Amino acid sequence: MFKACYAEEMREVDRAASELGGIPSIILMENAALACVRELGKDHELAGKSVAVFCGKGNNGGDGLAIARHLSFLGADVFVYLVCGNDYKGDAAINYDILSGMDVPMEAVTDTDGLEYKVRAADIVVDAIFGTGIKGTVRGIAYDVIRTINENARYVLSVDVPSGIDSDSGDICGVCINADKTVTFAGYKIGMFMYPAADCTGTVVPDMISIPERVIESRGLKINVTDAGFVRSLIGKRRNDSQKGDYGKLLIIAGSAGMSGAAYMAAQAALKSGAGLITVACPECVNTALEAKTTEAMTLPLEEVDGHIAASAVSELLPRLLKVDAVLIGPGLGRSRDVSEVVRAVLRACRVPVIVDADAINAVAQDKSALSECACDLIFTPHAAEAARLTGLDISYIEENRIEVSRECSEELGAVILLKGHHTIVTSEDLTQYINNTGNPGMASGGSGDVLAGITAALAARGIGCAEAAAAAAYIHGAAGDIAAEKYGEESMSAADILDCLPETISKLLRG
């Protein structure tokens, strides 16, 4: 997995690459340029293409100068625009001097008169104006250049980060490049996953630029970006002598009058994610419907009050907790005093991982006393509104500080937190974090969260660690959503479509 880091952490990685890895910074700049050229070559036949390279005065600009050199060698028609003059230092100065001795035209941009025509004429624009160190607001000629590029460019590749975004917060510093692709170095930058910057990066491609993994590990970075290899390593291949008990016994406590669908979706998602044996405990009023729909899962009808599981059903539930490998509680449970008592009783009695979802989260938010008596591992799966109920924070604050809120919530509750949303964030109890990079806006529909809860529960029931199960589930869920979007379109896809795409998704992941 690649790491995600803040700007200062990235500077420490660069220093460590030189001090621990023995890699001169000029080599890192050269490798960064080559990584960008490789990615351009994937999208374009470079020979004969017109390329406009916009360079700032720092190391990001130095990367751009090296990119221009390599593109020229490959037969591209390259023109370099110096946005902040030519007062280069260090490695950037070396690349400027090399390029000055070549037949590559360079021009200092002092105004934007006629620039729009030059940008329109270019097949490719390379944005190497600002890197990760930008602070404050973009002003002057750089502001005008970025706007001109956005309004006229056919295709833009940004070097490390789109110029004008704050790589820590995801804020836009007055104006920023809207890239088609961003090649980022050694690790993702945190701001790429935050809004509004996340809408400006295009496809993000990380490249290690030859920095050894031991150098990255030496920095103790705790934020990871989940990938297919990570998920594949957790699931593994089934043994030929397997039997259903090897893949987890899961109890799902879910459903209420009018909300049987949530229990069904969670159970089917768990089934399609490889759980060995599933029992759905539900109110009597929805049992007949669930028995008809969930032919592979067993059901356990429970006493009810006004369509919700009754508190008196606890006596029948508790013995079941001793016979399973994980419990999912919450999808479609509804809200009532009895439901809250059931949730508290399960948390106090359970000794296997419990996934606390939907209405079970709301019950805990009203009364957290059961957590102090809880002896099991917990995974909470809140969306922003549920996280607001858990923490007392405003939804807007949560959305603007998702990494920090997930971390603080994990510390407060002593649980793994799966904070849902675009770029779902999972935080473990040791505060290691995982950012998910799959999924799309079409997944914002009823039932999608029930599918995610079922996947998470299935992986936890198989004995995968809670944080790893949650991170892998978020990746699988998003990847299934991406396949569904390709098949049905973001506007028309539903949670059932995500569910139907789970087998194809998992099969592709396991095949690599």
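Two strands are taken to pair if DSSP finds at least two bridges between them. With that in hand, the sheet of this predicted model is a good place to begin. Strand S2 (residues 50–55) runs parallel to strand S3 (residues 77–82), and six bridges join the two. One residue of this pairing is Cys-55, whose bridge partner in S3 is Leu-82.

The pair belongs to an open sheet of seven strands, paired in parallel and ordered S4-S3-S2-S5-S6-S7-S9. At the edges stand strand S4 (106–108) and strand S9 (203–207); each has a single partner strand, so one side of each is left without a neighbour in the sheet. From one strand to the next, the twist averages 20°. Helix H2 packs on this sheet, where it touches strand S5 (124–128), strand S6 (156–159), strand S7 (181–185) and S9. The direction of H2 makes about 155° with that of S7.

Helix H2 turns up again when the open spaces of the model are considered. The largest pocket holds about 660 Å³ of space. Its lining consists of 26 residues, and those closest to the centre are Asp-14, Asn-59, Asn-60, Asp-63 and Asp-160. At least two lining residues come from each of helix H1 (7–19), helix H2 (25–43) and helix H3 (59–73). Sorted by class, the lining of this largest pocket comprises 10 nonpolar, eight polar and eight charged residues.

Further along the chain, what is the volume of the second largest pocket? The value is about 540 Å³. The second largest pocket is likewise lined by 26 residues, with Lys-420, Gly-421, His-422, Thr-424 and Met-443 nearest its centre. Helix H15 (384–391), helix H18 (448–461) and helix H19 (466–488) each contribute at least two residues to this lining. By class, the lining of the second largest pocket has 16 polar, eight nonpolar and two charged residues.

A last feature to look at is a helix pair. The axes of helix H9 (residues 260–272) and helix H10 (residues 284–293) come within 10 Å and cross at roughly 35°. The crossing of H9 past H10 is right-handed. On the H9 side, Ser-260, Ala-263 and Tyr-264 take part in the contact, meeting Val-286, Leu-290 and Lys-293 of H10. Grouped by class, this contact of H9 with H10 has four nonpolar residues, one polar and one charged.

Note on methods:
Residues numbered from 1 in each chain as written. Predicted model: local features only at pLDDT ≥ 70, side-chain atom pairs only at ≥ 80, totals over all residues. Heavy atoms only, no water. 1 Å grid on protein atoms, 1.4 Å probe; cavity = no way out; pocket = protein on both sides within 12 Å on 5 of 7 lines; lining within 4 Å. Points joined across faces, edges and corners; volume = space filled by probe spheres on them. Helix = DSSP H or I, 4+ residues; strand = E, 2+ residues; numbered from the N terminus. Nonpolar A, V, L, I, M, F, W, Y, C, P; charged D, E, K, R; others polar. Axes fitted to C-alpha atoms, helices over the stretch in contact; angles between N-to-C directions. Contact = heavy atoms within 4.5 Å. Left-handed = near helix turned anticlockwise from the far one by under 90°.
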